[in-house]
Amino acid sequence: MRFQDLDYPNIKEKSILGRYVTHGQVVGFLNTLRKPFSVDTIGLSVEKRSIESITMGKGKQRILMWSQMHGNESTTTKAVLDLMNFLSSEAAEPLKILQKCTIRIIPMLNPDGAEAYTRVNANKVDLNRDAKMLTQPESKVLRMVYEDFRPHYCLNLHDQRTIFNVGNTPKPATISFLAPASDKQRSITDSRRKSMQLIGAIDHGLNSCIPGQIGRYDDTYNANCVGDTFQTLGTPTVLFEAGHFVNDYEREQTRKYIFYALFLALKNISEDWHERFEESDYFNIPENNKLFFDILIQNIDSINPSFIRKDSIGILYKEVLKNEKIHFVPKIEMAGSLEDHFGHQLYNCLNDNDLKLLKRQSFWKDIVG
């Protein structure tokens, strides 16, 4: 089965949508699970919210994945729930995967951060910088599961900001991948090579769906990051970064592509297909760049003299939680020529139609004064 043959609209978990995904929502979904899933509480957060894991399958290949280590990164959590819907089917493909793999998923590692919609946990610690010291209960839970489960592969699931583009192109990095380094020299160890092969296989399968929108994340080594740590310990680890798709700030389209990527990862691991790929397939994926603004306004100096020698304005949205919904509040990030940058929304003040559209925007008066 190819991912294109999957009936995603019927696989998608429709009870959880949008950017604000909380622990209560996830637990409500987990309470509906039956065989072949085993749901366990594996620890408590700082604020005593439960942390759950789901185990399924009986195969020799053990795969561990975790999501929402950063509480405001919810896209991969939604995709994980879709994946569980797929794996609960009696169809031949999920049954084959579960015969060859044992999968353990932590759908929400940072439930306190998810509730507050913050990157950090309730102690204001970034769990992805706590792999070495293990000062936080959530970090200890993940490490305990890792040591108990002894995975052959780890999938580390995150979101990335809208600023990322692919290479120097005006294409958003809808998904980015990383085979984390295991030392400062970024050596190609055996485990890292396997990570690269798996990413090469996923990219090969997914690129036809979102051509030019898959990036390679920065591989600078950081011993405090979980992915780098697990790679150092000899476990092939892949970082997934869910990014922006055109007009998809709720990340429902990106969610679909992350689901496809997870399916491709499991499919390749279960069949050993990724072993056909080379390191070069990984390095041929363009690196991420940070050249996007949510809104780029060009030639602003033509209508407001106060912006002299600052002919463009780059605006980024600040994500604000209010009344259990994420609001996207525009804030000026940069002013200048910005000629090498791109905008998810692009306006040119020399264009009458663009100017008319701009003047209808709620943020316009704040910009021109």
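This passage describes the nonpolar cores, the salt bridges and one buried serine of a predicted model.

We may begin with the interior. The largest nonpolar core comprises 61 residues, and helix α9 (residues 252-271) supplies the largest share of them, namely 11 residues. Met65, Met84, Leu87, Ile103, Leu155, Phe240 and Leu262 have the most contacts inside this core. For Leu262, the contacts beyond four places in sequence are Met65, Ala79, Val80, Leu83, Leu155, Leu157 and Phe240. Three of these partners, Met65, Leu155 and Phe240, thus appear again from the list of residues with the most contacts in the core. A second core, separate from the largest one, has 17 residues, among them Leu64, Ala131, Tyr146 and Val226.

Charged pairs come next. Across the whole structure, 19 salt bridges are found. One of them joins Asp148 to Arg104, with 3.5 Å between the closest N and O atoms. This pair links distant parts of the chain, as Asp148 belongs to helix α6 (residues 137-149) and Arg104 to strand β4 (residues 101-106), 44 residues apart. The two ends of the bridge sit in contrasting surroundings: Asp148 is exposed, at 54% relative accessible area, whereas Arg104 is buried, at 11%.

Helix α6 also holds a local pair. Glu147 and Arg143 form a salt bridge with an N to O distance of 3.1 Å; both residues lie in this helix, 4 residues apart, or about one turn. Arg143 has a relative accessibility of 18% and therefore counts as buried, the limit being under 20%.

A further salt bridge, 3.0 Å from N to O, brings together the side chains of Asp159 and Arg251. Because Asp159 lies in strand β5 (residues 153-159) and Arg251 in the loop between β9 (237-242) and α9, the bridge ties together parts that are 92 residues apart in sequence. Here both partners are buried, Asp159 with a relative accessible area of 7% and Arg251 with 2%. Elsewhere, Lys12, Lys78, Asp82, Glu252 and Arg255 are joined into one network by salt bridges that share partners.

Finally, what surrounds Ser195, apart from its neighbours within four places in sequence? This residue lies in helix α7 (residues 190-206), and its relative accessibility is 0%, so Ser195 counts as buried. Its contacts beyond the sequence neighbours are Ala179, Gln231, Pro236, Thr237 and Val238. Of these, Thr237 and Val238 fall within strand β9 (237-242).

Terms used: Residues are numbered from 1 along each chain as its sequence is written. This is a predicted model: local features need pLDDT of at least 70, side-chain atom pairs count only at pLDDT 80 or more; totals for chains, interfaces and linings use all residues. Side-chain values use heavy atoms; hydrogens and water are left out. Helices (H or I, at least four residues) and strands (E, at least two) are DSSP runs, numbered from the N terminus. Buried means under 20% relative accessible area, exposed over 50%, partly exposed in between (1.4 Å probe, protein chains only). Contact means heavy atoms within 4.5 Å. A nonpolar core is a set of buried Ala, Val, Leu, Ile, Met, Phe, Trp, Tyr and Cys residues joined through side-chain atoms within 4.5 Å. A salt bridge is a side-chain nitrogen of Lys or Arg within 4 Å of a carboxyl oxygen of Asp or Glu.
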